[in-house]
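Dear colleague,

I am handing over the structure we spoke about, and I would be glad if you could look through it with the notes below at hand. The notes move from the whole chain to individual residues.

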Amino acid sequence: MLKIENFIDGEFKSSINEEFLDNYNPATGEKVGEISSSGPRDVEKAVKAAEDAFFGWSSLSMDERINWLEKIGDALEAKKEEIAKVESLDTGKPISLARRVDANRSITNFRFFAQFAKNQEAQIFEMNDATNYVHRKPVGVVGLITPWNLPLYLLTWKIAPALVMGNTIVAKPSELTPLTANLFAKTLQEIDFPKGVFNIVHGLGPSAGQAILEHPNVKAISFTGGTQTGRIVAKIAAPLFKKLSLELGGKNATVILNDADILQAAKGAAKAGFTNSGQVCLCGSRILIDESIADDFTKHLIEEIEAMKVGNPQEEDTDIGSVISPQHLEKVESYIQLALEEGGEILTGGNRPKLDKVNSNGAFLMPTLISGLDIKSRTATEEIFGPVVTLHTFKGDEEAIKMANSTDYGLAGSVWTSDLQRGKEFSKQIDTGIMWVNTWLHRDLRTPFGGVKNSGVGREGGQWSLSFFSEMTNICVKND
Ligand code: NAD
């Protein structure tokens with residue numbers, strides 16, 4: 001049985017109260033371990049360790065910190081298969097997905113920010129009689145709070161830029177998925193990473209997470225999670241004038257215009273809707289289809305969905321694993337019930353699959369497509385975050401734009417068309433942080449990433465991450 005402890009000042013330690021939370025494999029229902037259930041006193045220790053380590057870490061040159069990032073990237077690469085296995089076990093996601101997306105990206109995050117930081121040029125503004133030098137200082141101790149859907153992927157997306165800019169860290173991974181963060185801490189220990197620079201406090205949001213938010217010496221909070229939690233985070237952090245980055249929920253539209261390649265669009269919409277059992281904040285959980293091609297498209301879409309293999313995440317050819325927990329499964333199923341009450345028709349799925357013994361107690365749901373719902377219905381506007389997608393028809397681009405913009409969220413979306421210029425112009429009118437034309441989840445890490453409306457505040461990625469994790473100051477030197 002695994003015992004997951006906090007990682008503070010380079011050492012693994014149980015929470016002071018010695019209380020533990022159970023950790024389950026959602027694909028089997030088995031308990032795999034226990035994790036420390038921390039509170040403010042543990043956070044206090046972690047913040048103290050991070051403060052003590054700050055001077056040493058921030059005094060290193062940028063090149064020295066870049067070397068550390070490269071070393072971490074190499075150490076993670078050596079454990080790539082282990083990361084994929086552990087992530088699959090903890091989340092119930094297919095091993096192939098955990099390898100291709102989670103493990104790969106966790107390694108890439110370090111290599112990308114190492115290279116990106118190397119390419120930074122000094123910003124200098126000349127005046128007639130003076131020169132201005134823009135200087136970036138680290139913020140200090142930063143708090144990183146992350147969700148369960150892409151555990152190490154999202155945590156390292158924050159750790160790498162925070163470290164390279166000279167900050168020290170107190171992190172709180174989701175209590176549902178602590179395993180890869182723990183593996184990451186072990187990896188740091190193995191490569192003799194400086195103690196106290198990176199710390200983990202495990203536990204529940206309202207105790208461990210909130211104590212990080214409330215700590216006066218944590219100067220910035222980078223949070224990824226649900227919109228409701230984001231509100232709490234903002235409420236606590238804002239009066240303390242902490243730097244704040246909020247990456248929140250979404251209800252993204254996949255829009256198929258009347259000139260789209262129907263087969264390509266059906267494949268794209270199925271992938272956008274059901275990757276990671278629909279538990280990616282960027283998933284296209286509403287499909288909007290031009291009514292002139294709706295019948296043909298729907299037939300192909302259903303074929304694509306029904307071809308997905310649902311089952312044991314450890315098998316290489318599994319496309320869809322479990323959702324994160326039995327509680328989450330019930331929540332997702334309650335939306336299917338709601339959809340029926342709201343007049344929806346289930347075109348495929350809607351039920352739990354019958355699986356072999358090992359997965360018979362897992363939190364599985366067949367990928368579900370529902371049509372016939374009003375675009376303003378609760379099912380079509382609230383984030384379900386599971387393998388449930390709604391399908392809606394529109395007449396012409398103008399109506400499609402209105403429908404795509406008809407939720408409180410604004411994270412992402414995709415549009416499918418054979419006219420790239422039309423796709424680009426259409427995208428400009430959608431209120432989201434990112435739009436893809438004829439693709440989905442195609443990411444260049446230099447680009448801005450983040451949401452509008454209730455999907456968040458601030459941007460991550462390339463320059464935006466480096467700016468968030470630094471304080472920019474100006475030094476104006478008068479010429480002789
Ligand atoms: P969540 O908001 O429940 O939890 C996220 C993290 O916040 C967890 O570590 C949790 O323990 C912590 N937390 C909970 N309450 C807290 C509190 N009061 N104070 C401090 N911390 C607290 O989200 P989740 O269910 O883990 O993740 C799913 C959500 O995350 C979805 O809404 C999804 O859209 C969103 N998400 C967004 C992005 C993005 O980039 N915008 C990426 C991934 C996931």
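What follows is a description of what was found in this model, which is a predicted one.

**The chain as a whole**

The secondary structure of the protein chain comes to 15 helices and 21 strands. For 480 residues, a compact globule would be expected to have a radius of gyration near 23 Å, and because the protein chain has 23 Å, the two agree. The C-alpha trace spans about 70 × 65 × 40 Å along its principal axes, and 58% of the 480 residues count as buried. When the contacts with a sequence separation of 6 or more are taken together, residues 24 or more positions apart account for 74% of them. The accessible surface of the protein chain comes to about 19800 Å², with 51% of that belonging to carbon and sulfur atoms.

**The strands near the N terminus**

Strand S4, residues 20–24, and strand S5, residues 31–36, pair in the antiparallel sense over 5 bridges. Together S4 and S5 form a hairpin with 6 residues between them, and in the turn glycine 29 has a positive phi of about 80°. The two faces of S4 can be told apart: Leu21 and Asn23 make up the covered face, whereas Phe20, Asp22 and Tyr24 make up the uncovered one. From the covered face, leucine 21 stands opposite isoleucine 35 in S5, and from the uncovered face, aspartate 22 stands opposite glutamate 34 in S5.

S5 also pairs with strand S1, residues 2–4, here in the parallel sense and over 3 bridges. Within this pairing, leucine 2 of S1 has glycine 33 in S5 as its bridge partner. A further link between this part of the chain and S4 is found in the side chains, since the charged end of lysine 3 sits over the ring of phenylalanine 20, at 4.5 Å from its centre.

**Aromatic rings**

The count of aromatic pairs in the model comes to 11. In one of them, the rings of tryptophan 436 and tryptophan 440 have their centres 6.5 Å apart and their planes at 65°, so this pair is edge-to-face. Tryptophan 436 and tryptophan 440 are both buried. Elsewhere, Phe112, Phe113, Phe116 and Trp157 form one aromatic cluster. A charge over a ring occurs again at arginine 105, which lies over the face of tyrosine 153, at 4.3 Å from the ring centre.

**The loops on either side of S19**

Which elements does the loop holding glycine 433 lie between? Glycine 433 is placed between helix H14, residues 420–428, and strand S19, residues 436–437. With a relative accessible area of 27%, glycine 433 is partly exposed. Once its neighbours within four places in sequence are left aside, glycine 433 is in contact with Gly410, Leu411, Gly450 and Val452. Glycine 433 and lysine 453 are 20 residues apart in sequence, with a C-alpha to C-alpha distance of 9.4 Å in space.

Lysine 453 itself lies in the loop between S19 and S20, and asparagine 438 is found in the loop between S19 and S20, the latter being residues 456–457. Neither of these residues is a glycine, yet asparagine 438 has a positive phi of about 60° and lysine 453 has a positive phi of about 50°. Is asparagine 438 buried or partly exposed? At 19% relative accessibility asparagine 438 counts as buried, because the limit for that class is under 20%. Lysine 453, at 37% relative accessibility, counts as partly exposed.

**Serine 371**

Serine 371 lies in strand S16, which runs over residues 368–371. At 13% relative accessibility, serine 371 counts as buried. Its contacts, leaving aside neighbours within four places in sequence, are with Gly344, Glu345, Leu347 and Leu391.

With best regards

Methods
Residues are numbered from 1 along each chain as its sequence is written. Side-chain values use heavy atoms; hydrogens and water are left out. Buried means under 20% relative accessible area, exposed over 50%, partly exposed in between (1.4 Å probe, protein chains only). Helices (H or I, at least four residues) and strands (E, at least two) are DSSP runs, numbered from the N terminus. Two strands pair if DSSP finds at least two bridges between them. Rings of Phe, Tyr and Trp (its six-membered ring) pair if their centres lie within 6.5 Å; planes under 30 degrees apart count as stacked, over 60 as edge-to-face and the rest as tilted. A charge sits over a ring if NZ of Lys or CZ of Arg is within 6 Å of the ring centre and within 35 degrees of the ring normal. The radius of gyration is taken over C-alpha atoms; the globule rule is 2.2 Å times the number of residues to the power 0.38. Contact means heavy atoms within 4.5 Å. Accessible areas come from the Shrake-Rupley method with a 1.4 Å probe; for residues, only the protein chains shown count as cover.
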